[in-house]
Amino acid sequence: MIDVYGLDAAAGGWRQSAAALAAEVLSPHAAEVDAEARFPAEGMAGLARAGFYGLCLDRRYGGHGQGPATFAAVVEELARQCASTAMIYVMHVTAAKVIEGTATFAGRDGVLHAIAAGEHLTTLAFSEQGSRSQFWAPISKLEADGQDYQTHALKSWVTAAHHADSYVASAQAPGGQSPLDSTLYWLPRTQAGVQPMGRFSGMGLRGNDSAPVAIEGFTVPHDTLLTAHGQGLDCMLQVTLPWFSVGTAAMAHGLCLAAVEATATHLQGAGFAHSGLQLRDLPNLRARLADMSVATEQSRALLGHTLRELAAPDEATPLWVLRTRMAALQTALQVTDLAMKACGGAAFSRHLGIERVFRDARAGWVMAPTVDHLADFLGRALAGLPLL
């Protein structure tokens with residue numbers, strides 16, 4: 001059988017390892033992580049021990065040199081059991097790829113070796129209270145202070161805010177003409193002047209430890225810059241957006257697969273005592289299950305196409321990336337909604353786990369770039385307008 005994401009034997013081994021870890025470590029804690037809105041410590045520790053932190057880093061840093069296709073397959077397996085763990089992992093890998101690509105961060109090699117060893121968790125800190133979901137437009141600024149820089153910022157909804165060892169952060173470049181003239185920099189969480197604030201208690205992805213981070217009077221050393229001044233947006237579009245989009249699309253697919261599996265199991269195992277019929281004997285419920293499966297595989301096939309585009313990119317590749325994330329988020333809403341309808345009161349009462357994936361799927365709709373942003377980006381590009 002041809003793998004939908006084009007995995008070879010080695011990459012397929014990583015998928016199998018992720019599936020086993022998800023079943024053995026993530027699954028037993030997933031309901032508790034959701035109910036208590038707590039960080040999935042067991043799952044993240046398991047990923048660190050098994051080498052997944054450095055999955056996509058170059059082997060010269062101790063990583064495993066895997067690309068976006070393997071990343072997508074791994075995230076999909078994690079999300080089938082615990083989407084909060086998958087979300088933290090997506091942000092970690094995306095931020096790690098930014099760090100890997102820098103030519104200006106003096107501590108790059110040390111951080112990357114620590115990541116590959118499972119000793120360092122990183123994440124993104126782009127969105128700000130003032131610019132909300134328009135993460136590409138930071139309000140905070142870097143102000144020159146000798147060779148270094150001063151900055152003040154209130155970063156909003158940083159995943160793994162209390163648990164990440166570092167953040168990949170953004171600010172307007174010194175003397176920048178607009179928020180689009182940005183610079184990325186590396187920010188250690190435990191540094192004085194860096195303070196995660198509050199606890200996350202959202203509708204879905206309740207264990208992803210998303211919280212604001214206040215940065216007050218912080219000195220950004222010049223050798224912790226991750227891009228040249230004014231090149232932050234380019235890095236966001238060329239590195240962050242593709243990896244984040246692939247990861248979150250795969251996460252949506254994992255939720256879809258979980259919903260399809262749970263619905264099929266329920267239809268086969270429940271029925272009517274007075275008539276002897278099972279739920280699977282009802283054609284309307286079978287039709288809903290079929291619609292769920294077709295929609296899921298259509299979106300997975302689109303991601304597979306985009307992964308092939310990323311392996312040999314051209315000018316059309318960015319549009320495929322945007323289409324893929326948009327389609328996956330829409331599909332997750334459709335499929336989990338159908339699962340709730342097909343399973344009725346049993347899904348509503350939570351004991352099937354479908355209600356949790358229903359809520360988790362809705363987080364992607366409002367996560368920057370939101371579906372509305374994606375639609376506008378695509379429409380602008382197709383109409384011959386600049387993206388921003």
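# Notebook: helix pairs, sheets, pockets and a cis proline

I started with H7 and H8, which are roughly antiparallel to each other, a label used for angles over 145 degrees (under 35 is roughly parallel, 65 to 115 roughly perpendicular, and the rest oblique). Before going on, I noted that this is a predicted model, in which local features need pLDDT of at least 70 and side-chain atom pairs count only at pLDDT 80 or more, while totals for chains, interfaces and linings use all residues. Residues are numbered from 1 along each chain as its sequence is written, and side-chain values use heavy atoms, with hydrogens and water left out.

**Entry 1: two helix pairs**

I looked up the geometry of helix H7 (residues 283-311) against helix H8 (residues 317-348): the angle is about 165°, and the axes lie 9 Å apart. Axes here are lines fitted to C-alpha atoms, for helices over the stretch in contact, and angles run from 0 to 180 degrees between N-to-C directions. The element names come from DSSP runs numbered from the N terminus (helices, H or I, of at least four residues; strands, E, of at least two).

The crossing of H7 and H8 is left-handed; that means the near helix is turned anticlockwise from the far one by less than a right angle, and clockwise would make it right-handed. I sorted the H7 to H8 contact by class and got 14 nonpolar, eight polar and five charged residues. My classes take Ala, Val, Leu, Ile, Met, Phe, Trp, Tyr, Cys and Pro as nonpolar, Asp, Glu, Lys and Arg as charged, and the others, Gly among them, as polar.

Next I went to the N-terminal pair, helix H1 (residues 9-36) and helix H2 (residues 41-49), which pack at about 160° with axes 8 Å apart. H1 and H2 are therefore roughly antiparallel to each other, but here the crossing is right-handed.

**Entry 2: two open sheets**

I traced an open sheet of three strands, in the order E1-E4-E5 and with mixed pairing. Two strands count as paired if DSSP finds at least two bridges between them. Strand E1 (122-125) and strand E5 (182-188) are at the edges with a single partner strand each, so one side of each has no neighbour in the sheet. Neighbouring strands of this sheet are turned by 25° against each other on average, direction ignored. E1 pairs with strand E4 (residues 166-172) in the parallel sense over four bridges, and I found Thr122 opposite Ser166 in E4.

The other sheet I followed has four strands, ordered E2-E3-E7-E6, with antiparallel pairing. Strand E2 (143-145) and strand E6 (194-196) are its edge strands, each pairing on one side only. The twist averages 15° from one strand to the next. E3 and strand E7 (residues 211-220) share seven bridges in the antiparallel sense, and Ala153 has Ile215 in E7 as its bridge partner.

**Entry 3: pockets and cavities**

I took the largest pocket next; its volume is about 780 Å³. Of its 32 lining residues, Trp157, Ser210, Val366, Met367 and Ala368 are the closest to its centre. The largest share of that lining, four residues, comes from H9, and the lining divides into 18 nonpolar, ten polar and four charged residues.

On a 1 Å grid over the protein atoms alone, a pocket is an open set of points with protein on both sides within 12 Å along at least five of seven lines, a cavity is a set where a 1.4 Å probe fits but cannot get out, and lining residues have an atom within 4 Å of a point. Points are joined across faces, edges and corners, and a volume is the space filled by probe spheres set on the points.

The second largest pocket has a volume of about 500 Å³. H6 gives the most to its lining, with six residues, and the classes there are 18 nonpolar, three polar and two charged.

I also searched the whole structure for cavities of 30 Å³ or more and found four. The largest cavity has a volume of about 60 Å³; its lining has eight nonpolar, no polar and no charged residues, among them Phe135, Trp136 and Pro369.

**Entry 4: two backbone oddities**

Most residues other than glycine have a negative phi, and most peptide bonds are trans. I checked Trp157, in strand E3: its phi is near 50°, a positive value in a residue other than glycine. The peptide bond from Ala368 to Pro369 is cis, with omega near -5°, and Pro369 is in the loop between H9 and helix H10 (371-382).
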